[in-house]
Amino acid sequence: MSAPVRLGRPLPEVAAATPADVVACAAEGRPMVLRGLVGDWPAVRAARENRLADYLRSLDRGGGGDVILGGPEIEGRPFYNADLSGLNFERARRPLAALLMALEAAADQARPPTLYMGSVPASALTPDFSAANPAPGTPAGVEPRLWIGNATTIQTHYDQSDNVACAVGGQRVFTLFPPEQVANLYVGPLDFTPAGQPISLVPFDRGDWREDWPRFDAAAEAARHAVLEPGDAIYIPSLWWHHVQATAPLSMLVNYWWTVGRPGAPSPFDALVLAIGALGNLPPERRRAWAAFFDHYVFETDARTHAHLPPERRGVLGESTPVMLERIKRFVMNGLARR
């Protein structure tokens, strides 16, 4: 596996972070390293004492999750195959106990297989985890998700949700890129991905990228990095791209995702894909014309958009209520059905 790379400048930090710092970071919407935020978790104490596997076994109630399984040749990097027609790993359902046993068996191997269980709700895997390791200032009702594996490189991707990621076992190196760097990240297919979200194809941690990925120079200049030790956390705002390297034979991360906006609203990503299908093949001048409409009705919307209409005649421009969101969905679905 490649040694961790620290690209760009360090992220800003809060020393001796508290849950109040999570609230403040989310309100500002900028990434931040939160040192020691979960340092008093029993899970972190167990990891520091080299007994994390035993601690997880003490919480195990027979649950499991999907595990990424890759041979030694992928070097801990779940990714596409050479021509992007498939993936370089398999997925299989495994109990937590079996995963921990496999990780322990692989710990001393010079070229271990890749073992990675990701995004499993704590309630499905270790139901008592949340009570023993309390949420660090995230919104009420947000469930922790557990990520357990060996040394892995998770390729640059984004999440639509805001994210607080807490390092429990092993060191993790995060590299972040602002959303506006999307054009310089050489993003792979939107509708065929290794783990749900589109990823950058640039393996910047493996060395020089300038010959094959020249635009990545701008992304590298804008990059920010952070090295998390057990007990540290990082706040990653929605749509910030992040690349994550874990180096320990037993690594564990706990994260919390939450979405800003009205529950039940359509996914912005779905709207993006629909817009690509509707506008992508239009001549440039037509796309520029539609850009003005999108700016007016979506990106720069304010009272000018609808104030001249009586409230009862604003239609889909009306107040964003659950009833209105359902009306918008029906309007779009009816339009698609007529095509």
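Phe331 counts as exposed because its relative accessibility is 57%, above the 50% at which that class begins. In this predicted model, Phe331 lies in helix α11, and its side chain takes part in a nonpolar surface patch of about 540 Å² that also includes Leu274, Val316, Val332, Met333 and Leu336. Helix α11, which spans residues 322–337, gives the most to this nonpolar patch, with four residues.

A sheet of five strands was examined next. These strands form an open sheet in the order β1-β11-β10-β13-β8, and the pairing within the sheet is mixed. The edges are formed by β1 (9–10) and β8 (152–157), each of which pairs on one side only. In general, the strands of a sheet pair through backbone hydrogen bonds, in either a parallel or an antiparallel sense. Strand β10 (residues 172–177) runs antiparallel to strand β11 (residues 224–228), and five bridges join the two; Val173 has Val227 as its bridge partner in β11. Strand β10 is also joined to β13 by six bridges, again with the two strands running antiparallel, and here Arg172 has Ala246 as its bridge partner in β13. The pairing of β8 with β13 is likewise antiparallel and extends over four bridges, with Gln245 of β13 serving as the bridge partner of Thr153.

Strand β13 (residues 241–246) is mostly covered, since six of its six residues are buried. The side chains of the strand are divided between two directions: Trp241, His243 and Gln245 point one way from β13, whereas His242, Val244 and Ala246 point the other way, and all are buried. Two of these buried residues thus reappear in the bridges described above, Gln245 as the partner of Thr153 and Ala246 as the partner of Arg172.

Further antiparallel pairing links β4, β6 and β7. Strand β4 (64–70) is joined to strand β6 (residues 114–121) by four bridges, and the two run antiparallel; within this pairing, Val67 stands opposite Met117 in β6. Strand β6 in turn pairs in the antiparallel sense with strand β7 (residues 145–149), over four bridges, and Met117 has Ile148 as its bridge partner in β7. Met117 is accordingly placed opposite Val67 and is also bridged to Ile148.

The cysteines were then considered with respect to covalent linkage, a disulfide being a covalent bond between the sulfur atoms of two cysteines. With a cut-off of 2.5 Å between sulfur atoms, the count of disulfides comes to zero. Cys25 is in no disulfide, and the nearest cysteine sulfur, that of Cys166, is 12 Å away; conversely, Cys166 is in no disulfide, and the cysteine sulfur nearest to it is that of Cys25, at 12 Å. Because the separation of 12 Å exceeds the limit of 2.5 Å, the pair Cys25 and Cys166 does not qualify as a disulfide. Cys25 counts as buried because its relative accessibility, 4%, is under 20%, and Cys166 is buried as well, with a relative accessible area of 0%.

Ala46 provides an example of a buried residue within a helix. Ala46 lies in helix α2 (residues 42–48) and is buried, with a relative accessible area of 0%. When residues up to four places away in sequence are not counted, Ala46 touches Arg51, Leu52 and Tyr55. Ala46 and Gly169 are 123 residues apart in sequence, yet the distance between them in space, C-alpha to C-alpha, is 8.6 Å.

Finally, positive phi values were found at two residues other than glycine, namely Glu75 and Tyr186. Glu75 has a positive phi of about 55° and is found in the loop between β4 (64–70) and β5 (90–95); its relative accessibility of 38% falls between 20% and 50%, so Glu75 counts as partly exposed. The phi of Tyr186 is near 50°, and this residue is placed in the loop between β10 and α7 (216–222). Tyr186 is nevertheless classed as buried, because its relative accessible area of 16% is under the 20% cut-off.

How values were computed. Residues numbered from 1 in each chain as written. Predicted model: local features only at pLDDT ≥ 70, side-chain atom pairs only at ≥ 80, totals over all residues. Heavy atoms only, no water. Patch = residues over 30% accessible without salt bridge, like charges linked within 9 Å, V, L, I, M, F, W, Y side chains within 5 Å. Areas by Shrake-Rupley, 256 points an atom, 1.4 Å probe, with all protein chains shown as cover. Salt bridge = Lys/Arg side-chain N within 4 Å of Asp/Glu carboxyl O. Buried < 20%, exposed > 50% of the residue type's maximum accessible area, 1.4 Å probe, protein only. Pairing = 2+ DSSP bridges. Contact = heavy atoms within 4.5 Å.
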